[in-house]
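Here are some notes to read alongside the model, for anyone opening it cold. They go through helix packing and then charged pairs.

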Amino acid sequence: MARSRDIILAVTGSIAACKTPELVRTLRTEGMGVSVVMTAASRQFVAPLTLEILSGRGVLTDTFDAPLAHVDMAKEADALLVAPATLNTISKFAAGIADNLLTTLLMTFRGAILVAPAMNWRMYENPIFTDKLRYLKDKGVIEIAPDAGELACGEQGAGRMASIPAIVHALRRALTAQDLKGLRVVVTAGATRQPIDPVRFITNKSSGKMGFALATTASLRGADVTLISAPTNLPHNRDWRLVPVETAQEMEVAVIDAIRDADVLVMAAAVSDFRPAAVATTKLERSDGMSIELVKTNDILRRVASQQDKPFIVGFAAETGSRTDRAREKLRAKAIDMIVFNDITVEGAGFDTDTNIVTIITPQGEHPVAKMSKEDVSHVIFNKVLEKIGRPVLYES
């Protein structure tokens, strides 16, 4: 996020209010200042003192705690997040009712407003309520849709407040310049696996963190994102269209299918260069030694670049040593638009790290990027993509 943000967190009377201490803590970790407003009903589920301690700011619970709070807070905050948001509060907002501090604040606020509904599935699916929610969404209010699953009442259905990561991502997206909006971006991530037998496989050290950071960044900046991912231990984001794959062959099929209507392809996955020539159908017995014949896998980048209606293509080149010459040769030989080089022997730039040190290479030159988080590196990469395709860069790094 380009600068620190001030957020108003409004808590209403749902059992999901018990999750707000974790939400406040997470928002603070993200560098946001949090001011909390609570309805009377919400205080039955979480104590104001708890949220005051975690936010580091006083919690307002009544209109007359500070008579002009609904005006002063509205002028200073960047976003207003209602989580959890009950049917009662959402319906009041849609009807223009301002009978408590929160509903009055909602009517005065001019920044981004997000609601995370939490209620029984019958209430969430009630046509009267859905009409109210649709009306607000048509006015620009952002819904962070609830999850489906077991509800507090023991029933199953859609109505559980969205997860903390989903809420934070939606909030960050609302506060991020949407300069990738309208672009369809395909990202690949992770290390493919080439089976030897039903138990063993050949792979590499890639964790998928760079690819997931790229998908996160593209989503935050408004792109329609398809993430093609080999197996990882990383959490998925429901804003992505996730395509799970395992082998290089599966990755190739998924990429060719996904780029049919894509504008940008970012190949951050560590795709196996070789695979066993034959795969055993039963587990191979342990012996004193084993020889495995390897054959090359297909070059996905080269195949994509050979297509007539190809997207803007970004490749990655992980090398041992400062071999930007090898990366530039890959750029030329594969006829792609951009390649991101990194030396995996440098501390902070190898596999399974949270940071990276890269050089972005295009036919026109090289752009070294100092050590930074992989998400920040992703922003720099997409800034360069926008520059190359002739779209304005609005994101403030």
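Two residues are said to meet, or be in contact, when heavy atoms of theirs lie within 4.5 Å. One thing to keep in mind throughout: this is a predicted model.

1. Let's begin with α1 and α2. On the α1 side, Thr20, Pro21, Val24, Arg25 and Arg28 do the touching, and they meet Thr50, Leu51, Leu54 and Ser55 of α2. Sorted by class, this contact has 4 nonpolar, 3 polar and 2 charged residues.

2. How are those two helices arranged? Their axes are 9 Å apart and the packing angle is about 10°. Angles under 35 degrees count as roughly parallel, so α1 and α2 are roughly parallel to each other. Their crossing is right-handed.

3. Now look at α1 again, this time with α8. Helix α1 covers residues 20–29 and helix α8 covers residues 164–174; their axes come within 10 Å and cross at roughly 45°. That makes α1 and α8 oblique to each other. The crossing of α1 past α8 is right-handed.

4. Which residues make this second contact? From α1 there are Glu22, Leu23, Thr26 and Leu27, and from α8 there are Ile164, Ile167, Val168 and Leu171. The class count for α1 with α8 is 6 nonpolar, 1 polar and 1 charged.

5. Helix α4 (residues 87–95) is worth a stop. Buried there are Thr89, Ile90, Ser91, Lys92, Phe93 and Ala94. What do the buried residues of α4 pack against? Their partners are β3 (79–85), α5 (101–108), β4 (112–117) and α7. After α4 comes Gly96, with a positive phi near 75°.

6. Lys92 turns up again among the charged pairs. It forms a salt bridge with Asp99, and their closest N and O atoms are 2.9 Å apart. Is each partner buried or exposed? Lys92 has a relative accessibility of 16%, so it counts as buried, while Asp99, at 47%, counts as partly exposed.

7. Stepping back, how many salt bridges does a search of the whole structure find? The total is 26. One of them pairs Asp6 with Arg57, where the closest N and O atoms are 2.8 Å apart. This pair links distant parts of the chain, with the two positions 51 residues apart: Asp6 sits in strand β1 (residues 6–11), and Arg57 is in the loop between α2 (48–55) and α3 (69–76). Asp6 is partly exposed, with a relative accessible area of 29%, and Arg57 is partly exposed too, at 31% relative accessibility.

8. A more local pair is found in helix α7 (residues 127–138): Arg134 and Asp131 are 3 residues apart there, which means about one helical turn separates them. The two form a salt bridge whose closest N and O atoms are 2.9 Å apart. Arg134 is partly exposed at 46% relative accessibility, and Asp131 is partly exposed at 45%. Elsewhere, salt bridges with shared partners join Glu30, Arg172 and Glu375 into one network.

Note on methods. Residues numbered from 1 in each chain as written. Predicted model: local features only at pLDDT ≥ 70, side-chain atom pairs only at ≥ 80, totals over all residues. Heavy atoms only, no water. Axes fitted to C-alpha atoms, helices over the stretch in contact; angles between N-to-C directions. Helix = DSSP H or I, 4+ residues; strand = E, 2+ residues; numbered from the N terminus. Parallel < 35°, antiparallel > 145°, perpendicular 65-115°, else oblique. Left-handed = near helix turned anticlockwise from the far one by under 90°. Nonpolar A, V, L, I, M, F, W, Y, C, P; charged D, E, K, R; others polar. Salt bridge = Lys/Arg side-chain N within 4 Å of Asp/Glu carboxyl O. Buried < 20%, exposed > 50% of the residue type's maximum accessible area, 1.4 Å probe, protein only.
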